[in-house]
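Open the model in a viewer and keep the selection panel at hand. The stops below go from sulfur atoms to a charged side chain and then to the nonpolar interior.

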Amino acid sequence: MDAVAKVIEVAPIRVYEVATFYSMFNRTKVGKYHLLVCGTTPCMIRGSRGIEEALLKHLGVKRNEVTQDGFFSVGEMECMGCCVNAPMITVADYSNGSEGYTYNYFEDVTPEKVIEIVEKLRKGEKPPHGTQNPQRIRSGPEGGNTTLLGEPKPPPCRDLDAC
């Protein structure tokens, strides 16, 4: 980071600020699949700490360590922007190298579900991303919509001065 700061002619702290803020800049070695657990309040309220504990225990690592086989690492990521489907994880998939990596979001996860995801990845399978709750379609409510089921009614008068 010091070398980058020198090349772009900024104080090293400016490079450190960027590198520590954005989760796609890894300052330590990560696994082929870097599992990022959302650490913001909605996900924490919905159980993200239990998700992280399950991953760490199952993989036998601490946060930001890489498994012996080099396949997995677990980290934290701030707000993934899908609080309605909390808790969630992101899998940064480096199986095609750092140039062809992808981020896949898994929402409505449980400790059991994240272990299933890990085991599918270990077998070379690509688990379906998005909500893991079969009662939900994308970000819709469990069981389907309860409001806005048809076309909304137009306002009684378009010209507010004439109303």
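A disulfide is a pair of cysteine sulfur atoms within 2.5 Å. By that criterion, this predicted model holds zero disulfides.

Select cysteine 82 first. Cysteine 82 is in no disulfide, and the nearest cysteine sulfur, that of cysteine 83, is 7.6 Å away. Cysteine 82 counts as buried, at 13% relative accessibility.

Move to cysteine 83, which is partly exposed with a relative accessible area of 37%. Why does its sulfur form no bond with that of cysteine 79? The sulfur of cysteine 79 is the closest cysteine sulfur to that of cysteine 83, but at 4.4 Å it is too far for a bond.

Next, select glutamate 107, in strand β4 (residues 102–107). Show what surrounds it: beyond its neighbours within four places in sequence, glutamate 107 is in contact with Cys82, Asn85, Pro87, Met88, Gly130, Thr131 and Gln132. Which side chain of opposite charge is nearest to glutamate 107? That is arginine 136, 6.7 Å away; glutamate 107 is buried yet has no salt bridge. Its side chain does make a polar contact, at 2.7 Å, with the side chain of asparagine 85.

Now color the nonpolar interior. The largest nonpolar core has 20 residues, and Leu35, Leu55 and Ile89 have the most contacts inside it. At least two residues of this core come from each of β1 (33–38), α4 (48–59), β2 (72–77), β3 (88–93) and α5 (111–122). Center on leucine 55: its contacts outside four places in sequence are Leu35, Val37, Val74, Val114, Ile115 and Val118.

Finish at a second, separate core of eight residues, including Cys38, Met77, Met80 and Met88. Met88 is also in contact with glutamate 107.

Notes. Residues numbered from 1 in each chain as written. Predicted model: local features only at pLDDT ≥ 70, side-chain atom pairs only at ≥ 80, totals over all residues. Heavy atoms only, no water. Helix = DSSP H or I, 4+ residues; strand = E, 2+ residues; numbered from the N terminus. Buried < 20%, exposed > 50% of the residue type's maximum accessible area, 1.4 Å probe, protein only. Lys, Arg positive; Asp, Glu negative; His and termini not counted. Salt bridge = Lys/Arg side-chain N within 4 Å of Asp/Glu carboxyl O. Polar contact = N/O pair within 3.5 Å; in protein donor to acceptor, adjacent residues only side chain to side chain. Contact = heavy atoms within 4.5 Å. Core = buried A, V, L, I, M, F, W, Y, C linked by side-chain atoms within 4.5 Å.
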